[in-house]
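Me: Could you take a close look at one part of this structure and then place it beside another part? Please explain each term as you use it.

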Amino acid sequence: MEKIRVLLAEDDFDFGSILKQYLEIHNFEVTWANDGKEALDIFKSTIENPFHICVFDVMMPKLDGFSLAKKIISVDPEIPFVFLTAKKMKEDKIKGLKLGADDYIVKPFEADILVLRLQNILKRTSKTTNNSNVSSKSDSIINIGRYVFNKQNYQLKIDDNIQRLTEKESQLITYLFENKNKLIKRDDLLTSVWGSDDFFSGRSMDVFISRLRKYFKQDNNISIESARGVGLTFKIDK
């Protein structure tokens with residue numbers, strides 16, 4: 001059985017050592033970097049045999065976790081990643097969500113919680129990948145108003161403008177389109193796309209919905225209307 005390859009960036013030696021050992025006990029293959037710059041160099045050097053997931057401490061020397069994540073995303077937009085932090089600041093959580101983080105774990109935490117969260121994230125991303133592999137080319141092209149949505153290539157095009165999408169954005173657009181012009185309950189959307197309806201997933205979804213509103217703003221016949229406390233409607237006027 002292939003081991004899950006994890007890039008861990010953590011400058012606290014004792015904490016990093018414990019995490020590495022614990023993850024390896026649970027069949028993860030861990031590469032541990034002591035700072036953000038080292039983590040970035042390692043990531044770039046392993047493109048031929050890429051990591052499955054990244055775990056970044058937020059506060060690190062040379063390159064902090066947020067800056068590291070931005071640079072990693074520019075190399076591989078689809079890599080899932082998790083932030084570790086000792087802070088409980090709301091602003092930090094929102095910053096992580098806007099970067100597309102799959103989770104945000106506040107220290108101190110039990111190591112088995114991290115293992116479970118990584119396993120859940122990988123289960124969701126693996127399911128998405130498998131589903132995309134079996135879909136045909138014709139199924140991957142969808143006309144949404146004036147836009148052309150390519151599920152396979154993660155692109156949203158209008159006229160000559162192409163918006164590259166993340167895997168999560170593509171998933172979300174697909175689900176919204178399949179349920180267009182009807183009220184989608186918030187919990188149903190979270191469970192279907194995020195695999196969880198917890199607080200973190202809810203905040204993440206709000207960030208992604210805001211992005212999609214910007215992506216679709218060039219067609220006045222398309223809107224994402226919120227029903228407070230209930231859900232939303234992906235409205236396409238004919």
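**A strand residue and a helix**

Reply: Leaving aside residues up to four places away in sequence, T233 touches N181, K182, L183, S223, I224 and E225; contact means heavy atoms within 4.5 Å. The model is predicted, so local features need pLDDT of at least 70 and side-chain atom pairs pLDDT 80 or more, whereas totals for chains, interfaces and linings use all residues. Residues are numbered from 1 along each chain as its sequence is written, and side-chain values use heavy atoms, without hydrogens or water.

T233 belongs to strand β12, residues 231-236; strands (E, at least two residues) and helices (H or I, at least four) are DSSP runs numbered from the N terminus. With a relative accessible area of 16%, T233 is buried (under 20%; exposed is over 50%, partly exposed in between, with a 1.4 Å probe and protein chains only). Its C-alpha atom is separated by 29 Å from that of F81, and the two residues are 152 residues apart along the chain.

The second part is helix α2, residues 36-45, where G36, A39, L40, I42 and F43 are the buried residues. They lie on the same side of α2 because they cover an arc of only 165° around the axis, taken from the directions from the helix axis to the C-beta atoms. These buried residues pack against strands β1 (4-9), β2 (28-33) and β3 (53-57), and against helix α3 (65-75). At the N-terminal end of α2, D35 acts as a cap, with a side-chain oxygen 3.0 Å from the backbone nitrogen of K37.

How values were computed
Polar contact = N/O pair within 3.5 Å; in protein donor to acceptor, adjacent residues only side chain to side chain.
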